[in-house]
Amino acid sequence: MRIAIAGAGAVGRSIARELLTNGHQVLLIDKDAGKVRPYRIPEADWMQADACELSSLEDARLEEFEVVISATGDDKVNLVVSLLAKTEFSVRRVVARINHPANEWLFNESWGVDVAVSTPRVLAALVEEAVSVGDVVRLFTLREGQANLIEVTLPVGAPCAGVPLRDVQLPSDAAMVAIIRGSRVIVPTPDEPLEPGDELLFVALPEAEPAIRRAVCAA
């Protein structure tokens, strides 16, 4: 994919390196000349410009990009870039970085944001995921909170341990997308039996989360 990243600071550059490693084409945009250093990531395209200016995004031909990532350290800038990308250039997927948790409520479809990433929330979720067994942990919010990526670690003695997935009564508004078992990532199939210690990843509506917990953990 062609991906534009607004913000060539440490966060933007780290994202760019990861995406380039995965075979994507990346454009880094920043108005700060001190951050526009193509030698740091020569595989990427670079542009010194203010991503909040419509003319700059026109020069970048943003309409040709599948994804825009607003990754600056300023929430106001990230919101403006997201709104312009979605409304003026019809970018299919807009991802925005949230720097301050108090601003999280702004990062939604009204501002053109498809996926909002809050560093404090992600870190808190990872801590919970590391210590929580038998509880639902929200790792990621999708589509303005309409659905969540959640994780449940199967406790010892769970009623579904040893049971194939076809016999686990999951709610209709939930889909198991992966099973992490030790160092393995398993794509769920109807015949796959669950084991204690499995980390189960679901995409689910918030109201389905209690039913998921009952289905996989409740005695």
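**Group meeting: loops, charges and one buried aspartate**

I'll begin with Arg61, which sits in the loop between H2 and strand E4, residues 67–70. Please keep in mind that this is a predicted model.

What is the phi of Arg61? The angle is near 55 degrees, which is a positive value in a residue other than glycine. As for its surroundings, Arg61 has a relative accessible area of 46%. Exposed would require over 50% and buried under 20%, so Arg61 is called partly exposed.

A second residue can be described along similar lines. Ser90 is in the loop between helix H3, residues 75–89, and strand E5, residues 93–98. Phi of Ser90 is near 55 degrees, again positive and again in a residue other than glycine. Is Ser90 buried or exposed? Its relative accessibility is 58%, and because the cut-off for exposed is over 50%, Ser90 counts as exposed.

Next, the charges on the surface. Which residues form the negative surface patch? They are Glu58, Asp59, Glu63 and Glu88. Take Asp59 from that list: this residue belongs to helix H2, which covers residues 54–59. Asp59 has 61% relative accessibility, and it therefore counts as exposed.

Now an aspartate in another setting. Asp75 is part of helix H3. Asp75 is buried, yet it has no salt bridge. Where is the nearest side chain of opposite charge? It belongs to Arg97, and it is 6.6 Å away from Asp75. If we set aside residues up to four places away in sequence, what does Asp75 touch? The contacts are Arg97, Ile98, Asn99, His100, Asn103 and Phe107. Arg97 therefore appears in both statements: it touches Asp75, and it carries the nearest opposite charge, without a salt bridge to Asp75. A contact counts heavy atoms within 4.5 Å, whereas a salt bridge needs a side-chain nitrogen of Lys or Arg within 4 Å of a carboxyl oxygen of Asp or Glu.

Last, the chain as a whole. The protein chain has five helices and 11 strands. It is made of 219 residues, and 42% of them count as buried. On the outside, the chain exposes about 11200 Å², with carbon and sulfur atoms supplying 53% of that area. For contacts with a separation of 6 or more, 53% are between residues 24 or more positions apart.

That is the end of my part.

Conventions. Residues numbered from 1 in each chain as written. Predicted model: local features only at pLDDT ≥ 70, side-chain atom pairs only at ≥ 80, totals over all residues. Heavy atoms only, no water. Patch = residues over 30% accessible without salt bridge, like charges linked within 9 Å, V, L, I, M, F, W, Y side chains within 5 Å. Areas by Shrake-Rupley, 256 points an atom, 1.4 Å probe, with all protein chains shown as cover. Lys, Arg positive; Asp, Glu negative; His and termini not counted. Charge placed at Lys NZ, Arg CZ, Asp CG, Glu CD. Helix = DSSP H or I, 4+ residues; strand = E, 2+ residues; numbered from the N terminus. Buried < 20%, exposed > 50% of the residue type's maximum accessible area, 1.4 Å probe, protein only.
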